[in-house]
Amino acid sequence: MKPLANDFVTIYKSPDSKSIFPAAPALCVLKNGRYVFCHDIFGALTTLSIYESINDKNVPVEEDPHIGCVYTSDDKGLNWQKRTSRLRYAIRAYLRQEITFIS
């Protein structure tokens, strides 16, 4: 199979691809040129290392939690900064009349 692109940047890579699954990617380019990337993570996320990596420590870990993550890039996607992760949230980014919504 021929690759779609020769150059690419990995924003998120599962620490265990057999039990932790990224899903529902969304990319939004803002008017100022900033890229916003969101995705969900689901699967066997009850490991302490995954739980410690999220920001919302007051939410109890469930048997199969769902985490939403947000990243931004100010250099057209060459480098990405993780902005937040939230337990039990599916996160989406979209533009409407020049306003960025993350829900």
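Three exercises with worked solutions follow.

This is a predicted model, in which local features need pLDDT of at least 70 and side-chain atom pairs count only at pLDDT 80 or more, while totals for chains, interfaces and linings use all residues. Residues are numbered from 1 along each chain as its sequence is written, and side-chain values use heavy atoms, with hydrogens and water left out.

**Exercise 1.** Find which residues form the salt bridge (a side-chain nitrogen of Lys or Arg within 4 Å of a carboxyl oxygen of Asp or Glu).

*Solution.* The structure holds one salt bridge. Asp74 forms it with Arg34, and their closest N and O atoms are 2.7 Å apart. The two partners lie 40 residues apart and link distant parts of the chain, with Asp74 in the loop between β3 (67–73) and β4, and Arg34 in the loop between β1 (20–29) and β2 (35–43).

**Exercise 2.** Determine how many disulfides (pairs of cysteine sulfur atoms within 2.5 Å) a search of the whole structure finds.

*Solution.* The search of the whole structure finds zero disulfides. For Cys38, the nearest cysteine sulfur belongs to Cys28 and is 8.1 Å away. For Cys69, the nearest cysteine sulfur is that of Cys38, at 9.1 Å.

**Exercise 3.** Decide whether Ser85 is buried (under 20% relative accessible area) or exposed (over 50%), with partly exposed in between, for a 1.4 Å probe and protein chains only.

*Solution.* Ser85 is found in strand β4, which covers residues 81–87. Its relative accessibility is 1%, and therefore Ser85 counts as buried.

Conventions
Helices (H or I, at least four residues) and strands (E, at least two) are DSSP runs, numbered from the N terminus.
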